[in-house]
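Dear colleague,

I am passing on the structure we spoke about, with the sequence alongside. Please read the notes below with the coordinates open.

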Amino acid sequence: MFLFLSKLLPLFIYPLGLSCLLMVLALFMLWKHPRWTGAVISCALVILLLGSSRGVAQGLVRSLESQNVPQDELPNAAAIVVLGGGTKPALPPRPWVDVGEAGDRILYGSLLYRQKKAPWLILSGGRVNWQGGGDPESQDMAKIAEVMGVPSSAILQDPTSLNTYENAVNVRKILQEQKIQGPILLVTSALHTPRSLLIFKRQGMNVIPAPTDFLMIPTEINQAQTTWQGVLLSWIPDTLSLHQTTQALKEYLGLAVYRLRGWL
């Protein structure tokens, strides 16, 4: 139930859901409080405009992604841990496993293994049945890793975790069962790294962040802001910016909820 509520309730806090909720409220207010209807609609419009502007999205995303950027080459470790969230199951008409926006995770984790950064590749991620089903993400990621040259004998899987907290708990059990000692390289999206890093450390693991899937590249942003066209476009609403703003708010909300639950 916690998993379902954690997916449902935040939808009414994110810009799109909150704007829709306010618009529905405005419809009901037309009958009894028509004078306040305009104010409610205005609030919904402001929220939607700000949430879908590139400037707001860039600020929120960069505040998270810039926290754990490696300054030097990643060191060798005892294991590489890749968190799920970037693959889609091989359900018809897909011919094979698909990678989504965060598919960089398994690609980068496999690359780090090929670079001999660690002798083990631990893949953590299950699959929620009411979100389409299919094989656990750990299995899908394992297929991709093997195609990239990672031997199956070097792959360990956690096929049951459904959130970041369960990722950390299950990975810790795998490390203990396999008697793997030493630091681990934690591979996940840069936006997700601050929260996952705190959770894994809370479980007592020595974690080295290895972020990937960066949404905001400083050089691209700086170049876009050198012209008036780029500055103007950065404040014009678009769906990509709305999506990125929502992703960043999801992480901040996750940090707050996980802290309240004592998981950080």
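**Helices H8 and H11**

In this model, which is predicted, helix H8 (residues 193–202) and helix H11 (residues 239–260) have axes that come within 9 Å of each other and cross at roughly 20 degrees. Because angles under 35 degrees count as roughly parallel, H8 is to be described as roughly parallel to H11. The crossing in which H8 passes H11 is left-handed.

On the H8 side the contact is made by Arg 195, Leu 198 and Ile 199, and these meet Glu 251, Gly 254, Leu 255, Tyr 258 and Arg 259 on the H11 side. Taken by character, the residues of this contact between H8 and H11 divide into 4 nonpolar, 1 polar and 3 charged.

**A histidine in H11**

Helix H11 also holds His 243. With a relative accessible area of 38%, His 243 is classed as partly exposed, since that class lies between the buried limit of 20% and the exposed limit of 50%. Should you wish to place His 243 against another part of the chain, Thr 160 is 83 residues away from it in sequence, and the two are 27 Å apart in space, taken from C-alpha to C-alpha.

**Cysteines**

How many disulfides does a search of the whole structure find? The search returns 0 disulfides. Cys 20 is in no disulfide, and the cysteine sulfur nearest to that of Cys 20 belongs to Cys 43, 15 Å away. Seen from the other side, Cys 43 is likewise in no disulfide, with the sulfur of Cys 20 as its nearest cysteine sulfur at 15 Å. A disulfide would need the two sulfur atoms within 2.5 Å, so a pair 15 Å apart does not count as one. As for accessibility, Cys 20 counts as partly exposed at 43% relative accessibility, and Cys 43 is also partly exposed, with a relative accessible area of 43%.

**The protein as a whole**

The secondary structure comes to 11 helices and 7 strands, and the C-alpha atoms fill a box of roughly 70 × 45 × 40 Å when this is taken along the principal axes. Of the 264 residues in the protein, 45% are buried. Among the contacts between residues at least 6 apart in sequence, 74% join residues that are at least 24 apart.

With best regards

Methods
Residues are numbered from 1 along each chain as its sequence is written. This is a predicted model: local features need pLDDT of at least 70, side-chain atom pairs count only at pLDDT 80 or more; totals for chains, interfaces and linings use all residues. Side-chain values use heavy atoms; hydrogens and water are left out. Axes are lines fitted to C-alpha atoms, for helices over the stretch in contact, and angles run from 0 to 180 degrees between N-to-C directions. Helices (H or I, at least four residues) and strands (E, at least two) are DSSP runs, numbered from the N terminus. Angles under 35 degrees count as roughly parallel, over 145 as roughly antiparallel, 65 to 115 as roughly perpendicular and the rest as oblique. A crossing is left-handed if the near helix is turned anticlockwise from the far one by less than a right angle, and right-handed if clockwise. Contact means heavy atoms within 4.5 Å. Ala, Val, Leu, Ile, Met, Phe, Trp, Tyr, Cys and Pro count as nonpolar, Asp, Glu, Lys and Arg as charged, and the others, Gly among them, as polar. Buried means under 20% relative accessible area, exposed over 50%, partly exposed in between (1.4 Å probe, protein chains only).
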